[in-house]
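Thanks for making the time this morning. I would like to walk through one model with you, going slowly from helix to helix, and then stop for discussion.

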Amino acid sequence: MDYNREQLINALCAEYDYLCHDDFNPDTDPTLDEYFELMEKMSFDELVEETCTDEHYTLEEFMERWG
């Protein structure tokens, strides 16, 4: 399956929001808006790398969960 930059950014932000929901540290963690801005600056390949997917946890599985 093919994904576009917008889909990857939205999925990464959904994952980030979930992970930071109960463990957000305002001194060290970017806000969700700041994280979104960081993702917007990344290339498609960098976004895919940010998902930390590989042959064991595939991009398709990541997108099914967060996309």
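**One helix and its two sides**

Let me begin with helix α4, residues 59-66, where Phe-62, Met-63 and Trp-66 are buried. Please keep in mind throughout that this is a predicted model. If you look down the axis of α4, the buried residues fall within an arc of 95 degrees, so they line one face of the helix. As a general reminder, an α-helix has 3.6 residues a turn, so residues three or four places apart point the same way. Turn to the other side of α4 and you will find Glu-64 and Arg-65, which are exposed.

What do the buried residues of α4 pack against? They pack against α1, which covers residues 5-20. The axes of these two helices, α1 and α4, come within 9 Å and cross at roughly 65 degrees, and the crossing in which α1 passes α4 is left-handed. On the α4 side the contact is made by Leu-59, Phe-62, Met-63 and Trp-66, while α1 contributes Gln-7, Leu-8, Asn-10, Ala-11, Leu-12, Ala-14, Glu-15 and Tyr-18.

**A buried acid**

From that list I would like to single out Glu-15, which lies in helix α1. Which side chain of opposite charge is nearest to Glu-15, and how far away is it? It is Arg-65, at 7.4 Å, and Glu-15, although buried, has no salt bridge. A salt bridge here would need a side-chain nitrogen of Lys or Arg within 4 Å of a carboxyl oxygen of Asp or Glu, so the 7.4 Å to Arg-65 does not meet that cut-off. Arg-65 is, you will recall, one of the exposed residues on the other side of α4. Leaving aside neighbours within four places in sequence, what Glu-15 does contact is Phe-62 and Trp-66, both of which belong to the buried set of α4.

**Helix α2 and its contacts**

Moving on to helix α2, residues 32-40, we come to Glu-40, which lies in this helix and counts as partly exposed, at 44% relative accessibility. Apart from neighbours within four places in sequence, Glu-40 is in contact with Arg-5 and Ile-9. Its C-alpha atom is separated by 17 Å from that of Met-63, a residue 23 places away along the chain.

Phe-36 also has its place in helix α2, and with a relative accessible area of 33% this residue is partly exposed. Once residues up to four places away in sequence are set aside, Phe-36 touches Ile-9 and Cys-13. Between Phe-36 and Glu-50, which are 14 residues apart along the chain, the C-alpha separation is 13 Å.

**Helix α3 and the loop after it**

Helix α3 holds Glu-49, which at 64% relative accessibility counts as exposed. Glu-49 and Met-1 are 48 residues apart in sequence, and from C-alpha to C-alpha they are 17 Å apart in space.

Finally, where does Cys-52 lie? It is in the loop between α3, residues 44-50, and α4, and it is exposed, with a relative accessible area of 61%. The backbone at Cys-52 deserves a look, with phi near 60 degrees, a positive value in a residue other than glycine. For context, most residues other than glycine have a negative phi.

That is where I will stop, and I am happy to take questions.

How values were computed. Residues are numbered from 1 along each chain as its sequence is written. This is a predicted model: local features need pLDDT of at least 70, side-chain atom pairs count only at pLDDT 80 or more; totals for chains, interfaces and linings use all residues. Side-chain values use heavy atoms; hydrogens and water are left out. Buried means under 20% relative accessible area, exposed over 50%, partly exposed in between (1.4 Å probe, protein chains only). Helices (H or I, at least four residues) and strands (E, at least two) are DSSP runs, numbered from the N terminus. The arc is that of the directions from the helix axis to the C-beta atoms. Contact means heavy atoms within 4.5 Å. Lys and Arg count as positive and Asp and Glu as negative; His and the chain ends are not counted. Axes are lines fitted to C-alpha atoms, for helices over the stretch in contact, and angles run from 0 to 180 degrees between N-to-C directions. A crossing is left-handed if the near helix is turned anticlockwise from the far one by less than a right angle, and right-handed if clockwise.
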